[in-house]
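The report below follows one part of a sheet, the core that it feeds, a helix and the surroundings of a ligand. Please read it alongside the sequence and the coordinates.

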Amino acid sequence: MKFTLKNKIDENELRQVLSLDRQTYVADRCVSFRVCNAWLKKNPEIVCALKLNEQVVGFFSFLPLTERAYAKILSGEMNECDLRAADILPYTKNSEISCLFCDIVIQKEFRDAEAIIHLTNQYEKLKNSLAKRNIKIKRIVALCVSKDGIKLANRFGLKFIKKNKTDSIYEIKY
Ligand SMILES: CC(C)(COP(=O)(O)OP(=O)(O)OC[C@H]1O[C@@H](n2cnc3c(N)ncnc32)[C@H](O)[C@@H]1OP(=O)(O)O)[C@@H](O)C(=O)NCCC(=O)NCCS
């Protein structure tokens with residue numbers, strides 16, 4: 001299948017991303033268009049979309065956070081829906097960042113197939129692009145709300161930290 005990847009999504013793609021989000025997650029774990037658009041204005045590279053024939057069929061979010069926001073996510077006090085643009089950092093050359101990996105979704109009919117390989121490759125590409133800008137990732141936290149999410153966190157080398165009511169929290173430090 002002829003998939004394409006977008007590392008800077010436009011507003012139309014954002015609407016499709018959020019529609020997929022709403023089909024997948026419970027309502028109180030879906031970020032609004034207004035909030036996510038404000039995040040993207042702060043850092044346009046935080047959502048990577050997988051497309052097939054102009055339709056978004058998958059995506060993931062990777063958010064560089066302020067240290068304060070990172071600590072609240074790691075402790076389980078906050079989840080991605082509590083984040084505002086002020087909690088998100090732009091990518092700045094020669095810096096160190098702590099990031100949240102969250103909200104990965106592939107449309108049902110494309111799961112357990114090549115789509116996840118494309119998204120994983122895009123994630124590696126993003127990390128390589130950051131390394132080229134001398135942006136060092138210090139640590140990554142992931143909020144897992146499903147078995148599929150936990151499987152992915154383990155595959156990405158993250159370690160279990162704790163569980164709260166809704167999430168299993170995983171982290172990797174570099
Ligand atoms: C999470 C999600 C994106 C994972 O996508 P998926 O297509 O189900 O992918 P899986 O992780 O199950 O991987 C499918 C297979 O591809 C393999 N695979 C994954 N990435 C690979 C890669 N980069 N190279 C080679 N093989 C790979 C896996 O090992 C797996 O094989 P296995 O079943 O024999 O172990 C998808 O299940 C989904 O959208 N789920 C609903 C939303 C959700 O729960 N998100 C996580 C919230 S925390």
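Strand 2 (residues 47-52) and strand 3 (residues 55-65) run antiparallel and are joined by 6 bridges, where strands are DSSP runs of E with at least two residues and helices are runs of H or I with at least four, both numbered from the N terminus, and where two strands count as paired if DSSP finds at least two bridges between them. This is a predicted model, in which local features need pLDDT of at least 70 and side-chain atom pairs count only at pLDDT 80 or more, whereas totals for chains, interfaces and linings use all residues. Residues are numbered from 1 along each chain as its sequence is written.

Strand 2 and strand 3 form a hairpin with 2 residues between them, and N53 in that turn has a positive phi of about 50°. Another positive phi, of about 85°, is found at G157, just after helix 5. Strand 3 also pairs with strand 4 (residues 95-106) in the antiparallel sense. The table sets out the two pairings.

| Strands | Bridges | One facing pair |
|---|---|---|
| 2 and 3 | 6 bridges | L52 and Q55 |
| 3 and 4 | 7 bridges | L65 and S98 |

Of the 11 residues in strand 3, 10 are buried, a term that requires 20 or more other C-beta atoms within 10 Å of the residue's own, with exposed meaning 12 or fewer and partly exposed lying in between, all C-beta atoms being placed from the backbone. F59 and L65, together with A142, have the most contacts inside the largest nonpolar core, which has 44 residues; such a core is a set of buried Ala, Val, Leu, Ile, Met, Phe, Trp, Tyr and Cys residues joined through C-beta atoms within 7 Å. Strand 4 gives the most to this core, with 8 residues. Leaving aside neighbours within four places in sequence, F59 is in contact (C-beta atoms, placed from the backbone, within 7 Å) with residues including V17, L20, V47 and V105.

In helix 5 (147-155), the buried residues are G149, L152 and A153. These buried residues fall within an arc of 100° seen down the helix axis, so they line one face of helix 5, the arc being that of the directions from the axis to the C-beta atoms. They pack against strand 4, strand 5 (135-144) and strand 7 (168-173), while K147, K151 and R155 are exposed on the face turned away.

Around the ligand stand 17 residues, of which R111, I116, S146, D148 and G149 come nearest, a residue being near if its C-beta atom, placed from the backbone, lies within 6 Å.

How values were computed: Two residues are in contact if their C-beta atoms, placed from the backbone, lie within 7 Å.
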